[in-house]
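Please walk me through this structure, starting with the chain as a whole and ending at the ligand.

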Amino acid sequence: MHKRIKKLFAFFAAFVCFAAGTFAAAPVPAEELPLVPAPKAVQRTGTAVFKLPASATISAPKTLANEAAVLKTILKKRLNVSAAPAAAGTRGAVALSVSSKIKNPEGYELKITKSGISIAGGSPAGVYYGIRTLEQLFVSEKKNLPELKISDEPRFGYRGLMMDPARNFLPIEDVKRFVETMAAFKFNTLHFHVSDDQGWRVEIKNPKYKKLMTVGAQKNKPSGTRGYYTQKEIRELVEFAKKHHVEIIPEIDMPGHNMGAIFSYPELTCEYVRRVNADPALLRANPKMKLEIWDKAGVSEALLCAGKDSTYAFFNDVISELCKLFPSKRFHLGGDEAPAKCWDQCKDCLAFMKKKGLKNSQELMAYFFQKNFDALEKAGKTALYWYELDVPKYPKNAIMYSWRMGYTQQAIDRARREGYKVICCPGEYAYLDYPQIAGDPNHGWMPLTTLARTYEFDPGYGRPAEEQEAILGCEGTLWAEHLNTLDKIYYQAFPRALALVEAGWTPMDRRSWENFKVRAAPVVRDLRKNGVPARWPSEEFGKEK
Ligand code: TNX
């Protein structure tokens with residue numbers, strides 16, 4: 001009896017070991033591979049693996065030389081695999097191609113079979129995204145790649161992050177690093193906010209505007225830095241970003257948020273603001289009209305004067321240089337938080353309104369937008385704006401960034417009625433400068449925006465397909481009043497930017513918060529191992545292993 005029990009026990013033990021062994025060897029279910037954003041379709045196609053050799057070959061047409069170089073760098077960095085081009089006419093261990101069968105230019109198909117890896121894209125961008133997906137497989141599977149097929153394409157064509165070196169100047173090298181990090185997760189746009197009350201950050205060569213750099217750029221910058229980007233640096237940034245399929249959209253905010261320019265050239269603001277600054281009593285009553293470069297957060301009440309031709313001439317001069325510098329077809333003209341108090345008191349604005357038959361300062365605002373929109377259009381660009389509810393009319397074909405908490409649905413309705421397009425960056429989901437957990441650097445009034453909250457975001461708001469045609473995509477903002485280093489920016493951005501890009505990339509029926517946590521945890525761990533100080537959300541992911 002005793003013996004029999006022993007035997008039985010041995011049998012059970014053997015069975016448990018066998019079962020456990022099988023379990024350990026079983027491949028990670030396709031749904032749990034650490035891929036963020038989740039691809040549209042992942043399928044296991046067999047049980048074999050393809051083992052990457054220590055030196056691998058890449059075959060790619062000349063048009064994909066950039067993508068082949070990106071892949072080569074990744075192979076070296078991730079797996080210490082050196083890569084060389086495959087001999088002409090032969091297929092490499094990794095084969096890159098563009099396929100006309102893939103209709104979405106950002107779409108791709110990644111196939112791993114026991115004889116090799118192939119990535120076909122709808123365009124070089126699609127191939128790039130296939131490579132970035134493969135890189136995520138390297139993180140978990142190393143050189144042993146399971147047979148599978150991934151067919152993927154983005155839900156929205158616009159997936160952006162916004163950086164704000166106007167508030168705190170960030171050296172160009174840091175911007176480039178950030179661009180590469182965001183591109184790895186399939187963001188395709190950097191919205192670059194380069195002027196505000198805290199500084200003017202981009203070189204203008206026209207000698208008339210020298211003071212933008214010598215005065216407007218000289219605060220809120222790390223000591224020893226210039227405080228603005230030279231045109232050469234911007235060109236290099238644009239080139240670098242292009243290699244990573246990231247478009248840089250510049251923003252010159254106006255008529256508000258522009259003390260960098262106004263303090264350099266006070267004639268750009270209303271005569272009323274200058275009157276206020278010359279009179280201590282008036283200034284005490286209007287402290288936010290003070291002419292000074294700001295070094296704190298807030299909204300200045302000194303606007304560019306909309307009632308003088310010279311302001312429009314300034315705009316034309318500056319914009320014509322910037323349009324050449326930034327090849328993007330889109331140009332952001334700000335338009336947010338512009339209290340029109342100074343326009344209502346300004347002799348020039350009042351006379352101008354009368355002359356043009358404009359009933360009030362909000363009509364003047366619409367006029368100001370339209371005039372600048374037209375000038376940009378002549379340069380072949382579309383103007384983009386932060387959507388404000390009280391602006392009576394925006395230029396037709398403008399693109400609106402919906403940002404105010406709780407107003408995006410309204411912005412979408414208005415866009416559909418009036419023919420605009422919308423990019424969704426609602427404060428309640430997409431403001432990555434807001435604190436992500438109690439105890440985070442909490443900037444007073446800013447609401448808590450957790451990772452789970454950001455994950456809930458559906459930029460299409462569950463609307464029928466035809467209504468979603470007005471929506472171009474989504475963007476996360478990293479306003480930088482309190483972010484003066486790249487590390488702080490990374491901490492705010494990640495992991496929430498992973499949730500956000502999944503909202504922009506992955507179809508809703510492929511998204512699940514529980515599944516996201518499984519996929520994202522190894523990705524965040526990998527970021528942290530590689531020098532990106534993302535926040536580890538232990539309340540969601542558990543203790544970091
Ligand atoms: C509002 S969002 C602003 C920014 C601030 C931000 C702080 C927007 C269009 N304007 O100027 O930096 O709040 O979160």
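The paragraphs below take the overall fold and its confidence before the ligand site.

This is a predicted model. Its chain contains 21 helices and 17 strands. The radius of gyration is 27 Å, close to the 24 Å that the globule rule gives for 545 residues, so the chain is as compact as a globular protein of that length. Along the principal axes, the C-alpha atoms fill a box of roughly 105 × 60 × 50 Å.

Confidence comes next. The average pLDDT of the chain is 94, and 95% of the residues score at least 70. Residues 8-24 have a pLDDT below 50, and in the model this stretch makes zero contacts beyond near neighbours in sequence.

The ligand has a shell made up of Arg167, His257, Asp336, Glu337, Trp386, Trp403, Tyr431, Asp433, Tyr434, Trp445, Trp479 and Glu481. By class, six of the shell residues are nonpolar, five are charged and one is polar.

Three acidic side chains of this shell can be followed to individual ligand atoms. In the side chain of Asp336, an N or O atom lies 2.8 Å from a nitrogen atom of the ligand. For Glu337, the distance from a side-chain N or O atom to a ligand nitrogen is 3.3 Å. Asp433 is paired with an oxygen atom of the ligand instead, with a side-chain N or O atom 2.8 Å away. The ligand on its own would expose 360 Å², and the protein buries 95% of that area.

Definitions and conventions
Residues numbered from 1 in each chain as written. Predicted model: local features only at pLDDT ≥ 70, side-chain atom pairs only at ≥ 80, totals over all residues. Heavy atoms only, no water. Near = heavy atom within 4 Å. Polar contact = N/O pair within 3.5 Å; in protein donor to acceptor, adjacent residues only side chain to side chain. Areas by Shrake-Rupley, 256 points an atom, 1.4 Å probe, with all protein chains shown as cover. Nonpolar A, V, L, I, M, F, W, Y, C, P; charged D, E, K, R; others polar. pLDDT = per-residue confidence, 0-100. Contact = heavy atoms within 4.5 Å. Helix = DSSP H or I, 4+ residues; strand = E, 2+ residues; numbered from the N terminus. Rg over C-alpha atoms; globule rule 2.2 N^0.38 Å.
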